[in-house]
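Subject: Structure handover and notes

Dear colleague,

Here is the structure I promised to pass on to you. Please have it open while you read the notes underneath.

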Amino acid sequence: MKIDFHSHILPGIDDGSKDIDESVQLLDIMAADGVDIVVATPHFYCTRRSIHRFLERRNKAYESLKPHLKPEHPKILLGAEVLYDDILIGKDALSRLTIEGTNFMLLEMPYTRLTEKHFEGVEKIVEELDVKVLVAHIERYLNFTSYKSLTDILDLEVLGQINAESLMHWKSRSNCFKLIKNGYVQVMGTDMHRVSRGDATLGQGIEVVEKKFGGQTVSDFERNGKMILSDRSFEEIIG
Ligand SMILES: [Fe+2]
């Protein structure tokens, strides 16, 4: 089963798909790639919008798309890509931003050097709030911060996602490989935004992982994905 954990396919809500037409095109690409489930994760910035208002807009975007969905399209689960901010820590309502049917929230870290402050913030979210954390495209932060500062955070009770597109370029690919090898990656996503961007499909990413690590790693990702969607505990998934 192919599950895409990170996408911007909902129309007109963020820097992803600009309208219904483009959303359908992105879903056509995913259908041709054999994706079964896609999690729609529009950007949530807590400094720009309340959770309530964000959810209203997200659900409206989804409703507008619904009549245009085709039977071959992947099933859409609603979620959000929540940008880390210190003020998130006090927000009990964070659990409303989790992936539909689960308590897992896709958390995007800031594109800066990750410090003790970020470590403590993520630790608080994990320990004190009613959400489980899946960190978005963990390989990307290595452009801004050290491997040690990133993996300090990933050593908390969090899961990690990588982007298929990052497996297409040598530098980001070697970062992905290192993170996979060291057990920090549980699932993949496309982070698809625009048709014109030509982001790699999940299938293309899977192919690279399979070539490097073998079919077992791909099966593990699949198993992890299913476990996330059945809202299993961190311990059960990490095994
Ligand atoms: Fe994203």
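The notes below take up the metal site, then one helix and its ring pairs, and lastly one histidine.

This is a predicted model, in which local features need pLDDT of at least 70 and side-chain atom pairs count only at pLDDT 80 or more, while totals for chains, interfaces and linings use all residues. Residues are numbered from 1 along each chain as its sequence is written, and side-chain values use heavy atoms, with hydrogens and water left out.

The iron ion has as its protein donors His6 (NE2), His8 (NE2), Glu81 (OE) and Asp191 (OD), at 2.0 to 2.3 Å, where donors are N, O and S atoms within 2.8 Å of the metal (3.2 Å for Na, K and Ca) and, since water is not among the atoms, sites may look incomplete. Angles among the 4 donor atoms run from 81 to 165°, and the site is irregular; four donors would count as tetrahedral if all angles lay between 85 and 135 degrees, or as square planar if opposite donors were over 155 degrees apart and all others between 65 and 115. Histidine 6 lies in the loop between β1 (3–4) and α1 (20–32) and glutamate 81 in strand β5 (residues 81–83), so this pair ties together parts that are 75 residues apart in sequence. Histidine 6 is buried, with a relative accessible area of 0% (buried means under 20%, exposed over 50% and partly exposed in between, with a 1.4 Å probe and protein chains only), and glutamate 81 is likewise buried at 0%.

In helix α5 (helices being DSSP runs of H or I of at least four residues, and strands runs of E of at least two), the buried residues are Asn175, Cys176, Phe177, Leu179 and Ile180, and they pack against α4 (147–154), β8 (158–163), α6 and α7 (215–229).

The count of aromatic pairs comes to 4, with rings of Phe, Tyr and Trp (its six-membered ring) pairing if their centres lie within 6.5 Å, and with planes under 30 degrees apart called stacked, over 60 edge-to-face and the rest tilted. The rings of phenylalanine 177 and phenylalanine 213 have centres 5.5 Å apart and planes at 85°, so they form an edge-to-face pair. Phenylalanine 177 is buried at 16%, whereas phenylalanine 213 is partly exposed at 25%.

Finally, histidine 118 lies in helix α3 (residues 116–128) and is buried, with a relative accessible area of 6%. Leaving aside residues up to four places away in sequence, histidine 118 touches Tyr84, Met109, Pro110, Thr112, Arg113 and Ile153, contact meaning heavy atoms within 4.5 Å.

With best wishes

Key
Four donors count as tetrahedral if all angles lie between 85 and 135 degrees; four count as square planar and six as octahedral if opposite donors are over 155 degrees apart and all others between 65 and 115; anything else is irregular.
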